[in-house]
Structures are given as C-alpha cells and as structure tokens.
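Visitor: I would like to learn how to read a fold from a model. Could you take me through one feature at a time?

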Amino acid sequence: MKRDTFKNLFANKTFRLMLILFAALLLLLVVWKVFFGSSKISAETEHEQRLAALLQTIDGVECISVMVGEENGVPVNAVIVIGGEESLLARSRVADVASAALMLEKSKISVYPAKG
C-alpha cells in the first residue's frame, strides 16, 4: 500500500520537478556556505583581514597574504607575503605599515616576495 503511494507520488511531474528544484537549492546553499560563508568559517582573524586591506593600498603591492600570530587576541608577530613590484622600498613600506598597525617591533614582522 505504501509502495503504491510512493509510485503515484513520483509519477506526478509537478512533484518530481519540485523535488529536483529542492535538491538544486540545497546543493546551491551548501556550495555557497563552503565557498562564500560567514567569517566564522574563515581561518583569517580580524587583525589579518584589516591588515591585508590596509597593505593592499600601498604602491607596488598587487596581492598580499597575511598571517598574524596571536596570544590571547593580541598580535605577537606577523608574516606577510606580497606580490607585485619586487623592490626593497615596497617591502620596507609594508613592514613599516604593519609595524604601526599592529603596534609591533619591526623585528617581529617578516615580509617576503610571492613566487612567480
């Protein structure tokens, strides 16, 4: 009896269409959550996001990756990889800005050029 009910339900084109649309919507939601989800899922800290946005504005910096080491929410060191102009001036500016923004000594900040 139950089997006949399911057969009749799946024989209905409207039901099949609604089921496919529901599955597509669910898949879209999962993809969005994985790739474009909230900042809670992101591994970046607030310090890293804000510093990367600030450093992106420096002349000669095209792309940037920032990792800030923290203890109890306070920055203790930073590693920065910059892409773009490979000059000592750009690297020095990045180190200066990061030092001031994070209130760290320059010796606690490492700046490296990106490969390629």
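Visitor: Which residue in strand 2 does Val66 stand opposite?

Guide: Val66 stands opposite Ile80 in strand 2. Before going further, note that this is a predicted model, in which local features need pLDDT of at least 70 and side-chain atom pairs count only at pLDDT 80 or more, while totals for chains, interfaces and linings use all residues. Residues are numbered from 1 along each chain as its sequence is written, and side-chain values use heavy atoms, with hydrogens and water left out. Helices (H or I, at least four residues) and strands (E, at least two) are DSSP runs, numbered from the N terminus.

Visitor: How many bridges join strand 1 to strand 2, and in what sense do the strands run?

Guide: Two strands pair if DSSP finds at least two bridges between them. Here ten bridges join strand 1 to strand 2, and the two run antiparallel. Going towards the turn, Gly69 has Asn77 as its bridge partner in strand 2, and Glu70 has Pro75. The two strands form a hairpin with two residues between them.

Visitor: What is unusual about the phi of Asn72?

Guide: Asn72 has a positive phi of about 55 degrees although it is not a glycine. Asn72 sits in the loop between strand 1 and strand 2 and is exposed, with a relative accessible area of 83%. The terms are these: buried means under 20% relative accessible area, exposed over 50%, and partly exposed in between (1.4 Å probe, protein chains only). Met103 also has a positive phi of about 55 degrees without being a glycine. Met103 is in the loop between helix 4 and strand 3 (109-113), and is exposed at 75% relative accessible area.

Visitor: In what order do the three strands form the sheet?

Guide: The order is 1-2-3 in an open sheet, and the pairing is mixed. Strand 1 and strand 3 are the edge strands, each pairing on one side only. Neighbouring strands are turned by 15 degrees against each other on average, direction ignored. For such angles, axes are lines fitted to C-alpha atoms, for helices over the stretch in contact, and angles run from 0 to 180 degrees between N-to-C directions. Five bridges join strand 2 to strand 3, which run parallel; in this pair, Val79 stands opposite Ser110.

Visitor: Which hand does the β-α-β unit of strand 2, helix 4 and strand 3 have?

Guide: A crossover is right-handed if, with the strands pointing away from the viewer, the path from the first strand over the helix to the second runs clockwise. Strand 2, helix 4 and strand 3 make a right-handed unit. Helix 4 lies across strand 1, strand 2 and strand 3, and runs at about 150 degrees to strand 3.

Visitor: Why are the buried residues of helix 3 on the same side?

Guide: An α-helix has 3.6 residues a turn, so residues three or four places apart point the same way. In helix 3 (residues 46-55) the buried residues are Glu48, Leu51, Ala52 and Leu55. They cover an arc of only 100 degrees around the axis, which puts them on the same side of helix 3; the arc is that of the directions from the helix axis to the C-beta atoms. On the other side, Glu46 and Arg50 are exposed. The cover over the buried residues includes strand 1 (61-71), strand 2 (74-84) and helix 4 (88-102).

Visitor: What is Val66 in contact with, leaving aside its neighbours within four places in sequence?

Guide: Contact means heavy atoms within 4.5 Å. On that basis, Val66 is in contact with Glu48, Leu51, Ala52, Leu55, Val79 and Ile80.

Visitor: Which residues have the most contacts inside the largest nonpolar core?

Guide: In soluble globular proteins, nonpolar side chains tend to be buried together. A nonpolar core is a set of buried Ala, Val, Leu, Ile, Met, Phe, Trp, Tyr and Cys residues joined through side-chain atoms within 4.5 Å. The largest one here has 18 residues, and those with the most contacts inside it are Leu51, Leu55, Ile64, Val66, Ile80 and Val94. Helix 3, strand 1, strand 2, helix 4 and strand 3 each supply at least two residues of this core.
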